[in-house]
Amino acid sequence: MVEIDLEQEKKEILKRYRSLLRSCQRRIDKKDKLAIRKAFDLAVESHKDMRRKSGEPYVYHPIAVAQICVSEIGLGATSVICALLHDVVEDTDITLEDIRRSFGDKVASIIDGLTKISGVFDQTTSIQAENFRKMLLTLSDDVRVILIKLADRLHNMRTLDSMKRDKQLKIASETLYLYAPLAHRLGLNAIKTELEDLSLKYTEPEVYESIEQKLKETQRERNRYVNKFSLPILNALEEQGFEFDLKGRVKSIHSIWNKMKKQSVNFEEIYDIFAIRIILKTPYEKEKSDCWRVYSVVTDFYVPSPERLRDWISTPKANGYESLHTTVMGPDGKWVEVQIRTERMDDIAEKGYAAHWKYKEKSASESALDEWIKKIRELLENPDSNALDFINEFKLNLFAEEIFVFTPQGELKTLPINSTALDFAYDIHSKIGDHCIGAKVNNKLVALSHKINSGDQVEILTSQKQKPKDEWLNFVETAKAKSKIKLALKEDKRKIADDGKEILERKLSHLKLTITPDLITKLVEYFKVGSNLELYYRVATEAINQKLLKEFVKDDQKPKQKETVLPKSESKKFEELVSTVRGSNDLLVIGENLDKIDYKLSPCCNPIAGDDVFGFVTVGEGIKIHRTNCPNAIQLMSNFGYRIVKAKWTDQKQISFLAGIKIEGTDDVGIVNNITKIISDQLHVNMRSIGFESNDGIFEGKIMVFVHDTNHLKELIKKIKKVNGVLNVVRMDSASLKIN
């Protein structure tokens with residue numbers, strides 16, 4: 001047992017508090033300083049008996065969150081107070097009313113948005129999604145709720161080492177699924193990048209460590225190349241009298257891994273591991289012309305790729321990002337990305353929303369944030385939407401690439417890539433979307449489902465007779481369009497259901513029955529329709545007719561057997577299943593004879609023994625085993641943390657698992673025979689299916705094989721890589737497992 005030195009801890013708490021005050025110095029007056037001290041004292045007192053999983057005093061956490069708010073996001077006194085107090089309502093006896101009395105309505109409102117929903121939930125729903133929706137409700141009033149939550153999440157991710165493995169996976173997945181995209185949407189590039197990297201560190205530790213190690217090994221060589229590339233540009237810019245900083249920026253580990261997966265290549269084959277960033281010190285009115293002058297200098301020395309020019313200065317991204325990007329052919333035949341921006345643009349790119357206010361009189365970029373918040377408000381207007389549907393729709397547009405489209409009057413609109421004419425109609429106004437019958441794109445008539453491209457000019461055609469249809473949901477891309485169509489369809493259903501209620505009254509009176517709440521409840525249960533609205537709708541559309549109602553009456557009048565035991569609710573049964581699966585040691589062991597527990601290996605990622613896996617308790621299909629790097633893992637862990645069960649393998653040598661491998665190489669006589677010989681003769685591995693395609697001298701093969709575990713599969717891949725003509729061999733993910 002480690003002895004705790006309380007006096008030393010008190011000194012450390014004060015030291016961290018003074019460091020926080022020094023960071024705030026330029027942003028606070030005497031009154032703010034007193035309020036911050038009051039919040040600090042309350043936080044220390046409230047959390048005095050609490051410790052983090054690492055053993056440190058809990059109050060270190062709120063101080064660190066406040067520090068991130070000031071130093072890394074650039075927020076002021078109100079945010080510091082809220083960060084210091086963000087956990088007191090949730091974790092201590094202090095109430096929201098106590099906060100309101102001491103610090104006012106604004107602080108209380110922000111802390112309410114940061115406090116998780118308490119109360120009893122049906123465990124088959126997603127508590128995480130409900131909490132996220134609650135936080136977004138407050139966001140539409142005050143964006144600081146999200147900014148403090150991102151600071152909170154960043155500190156939790158930085159200190160995740162002390163948590164258990166299953167908690168690490170859950171928190172990291174939730175971060176990658178929701179919080180990193182949010183940081184991106186708010187223009188907090190530095191925080192978004194760190195959240196993604198830290199998430200990868202815990203979801204795929206081997207991948208993270210391997211890329212991190214390779215970046216360290218190639219650092220010296222990279223620095224030499226950056227110096228060689230930059231020297232002529234440096235000299236030319238200095239000659240022309242520019243004030244600037246020039247630095248080489250390495251891509252994040254997460255983005256390198258994404259590229260490796262997307263392009264199916266190794267680390268060594270990624271050519272744009274780093275980018276050169278040129279940051280100009282130039283007055284606002286000369287920013288645009290100076291950036292293009294620097295572009296001209298760069299392209300005097302190196303040939304640019306015309307397809308890789310990105311001008312986000314003339315048309316900034318929806319999150320306010322401004323920069324000029326070009327990719328040029330550097331020395332030794334290497335492509336290099338060059339980013340050209342000013343100090344103001346760089347500040348906004350790193351700190352996002354908070355940095356806008358320093359330049360408010362010079363920039364209208366914050367209006368992009370207002371537009372985004374307006375869209376969230378519209379999404380939140382639909383109170384009937386399921387929290388999970390809401391999160392999925394909201395997330396649709398968080399990370400989407402953007403296109404720029406014009407109205408007939410020349411007004412610029414920003415939409416996610418793959419948006420259709422109907423998305424554009426709903427973006428203008430929900431009424432225009434509801435009555436849209438088609439569009440003219442660049443004066444040419446197109447259908448509602450026509451995908452629009454950047455630079456298109458779109459005119460919407462409407463008719464009062466037009467109404468939203470179910471099939472519209474299949475070809476809209478934006479969350480706003482989806483939610484408005486669902487709302488309109490529900491409204492239509494409600495009108496039909498009103499008629500259905502009258503029809504049901506008449507039909508029941510013919511059967512000598514009167515409508516009562518109890519009778520409606522019985523009918524809903526009998527026909528398994530889920531709600532009164534659905535019951536009335538089905539009656540109106542003749543899906544439930546007089547004949548079926550007569551059968552209900554006959555069944556209802558049969559004498560009931562006395563029930564000795566009350567039936568358990570689905571939710572209760574589900575909770576018991578989760579408890580049984582978890583057992584006393586909170587671990588599902590795959591391969592043991594687990595009584596009454598039905599588990600399956602999930603087809604979406606085909607786990608095999610040796611893979612890092614977890615169990616997911618489904619409502620009706622028992623437990624499904626997924627790989628932790630399964631394409632669906634992040635969403636499952638993020639939204640349904642309660643239903644995740646730790647899992648491990650027993651010795652599986654007697655069992656064979658199906659796995660897929662993809663082989664690429666140069667087409668040569670006998671190469672297929674050489675590969676299959678290694679699989680069947682040398683390693684005695686059974687194949688289930690095999691398929692090879694050749695095109696212009698390059699072949700691609702997909703083989704499904706039965707292996708015992710990951711070591712067995714690695715050995716097989718290693719042997720195949722040695723065959724002459726084979727260029728690349730990888731394990732396939734589920735998306736590639738089909739062989740035609």
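Helices and strands here are DSSP runs, numbered from the N terminus, and the model they come from is predicted.

**View 1. Lys722 sits in a loop after a helix and ahead of a strand.** The helix before this loop is α29 (710-721), and the strand after it is β20 (726-731). With 61% relative accessibility, Lys722 counts as exposed, because that value is over 50%. Look for Ile675 in the same frame: 47 residues separate it from Lys722 along the chain, yet their C-alpha atoms are 9.7 Å apart.

**View 2. Three antiparallel strands make an open sheet.** Reading across, the order is β10-β9-β11. The edges belong to β10 (444-446) and β11 (458-462); each has a single partner strand, so one side of each has no neighbour in the sheet. On average, neighbouring strands are turned by 30° against each other, direction ignored. As for what holds such sheets together, strands pair through backbone hydrogen bonds, either parallel or antiparallel.

**View 3. Zooming in on β9 and β11, with a helix packed on the sheet.** Strand β9 (residues 436-441) and β11 run antiparallel and are joined by five bridges. Here Lys440 stands opposite Glu459 in β11. Helix α20 (residues 421-428) packs on this sheet and touches both β9 and β11, its direction making about 80° with that of β11.

**View 4. Asp332 and Asn418 are two non-glycine residues with positive phi.** Asp332 comes in at about 60° and lies in the loop between β5 (324-329) and β6 (335-342). Its relative accessible area is 58%, so Asp332 is exposed. Asn418 has a phi of about 75° and belongs to the loop between β8 (412-416) and α20. Asn418 counts as partly exposed, because its 37% relative accessibility falls between the 20% and 50% cut-offs.

**View 5. Where is confidence lowest, and where is it highest, in the protein chain?** The low end is strand β12 (residues 587-590), with a mean pLDDT of 52, while helix α15 (residues 287-301) is at the top with 94. For the chain as a whole, the mean pLDDT is 80, and 81% of residues reach 70 or more. Residues 361-365 have pLDDT below 50, and the model gives this stretch six contacts beyond near neighbours in sequence. Residues 591-596 also stay under 50, with eight contacts beyond four places in sequence.

Note on methods: Residues numbered from 1 in each chain as written. Predicted model: local features only at pLDDT ≥ 70, side-chain atom pairs only at ≥ 80, totals over all residues. Heavy atoms only, no water. Pairing = 2+ DSSP bridges. Helix = DSSP H or I, 4+ residues; strand = E, 2+ residues; numbered from the N terminus. Axes fitted to C-alpha atoms, helices over the stretch in contact; angles between N-to-C directions. Contact = heavy atoms within 4.5 Å. pLDDT = per-residue confidence, 0-100. Buried < 20%, exposed > 50% of the residue type's maximum accessible area, 1.4 Å probe, protein only.
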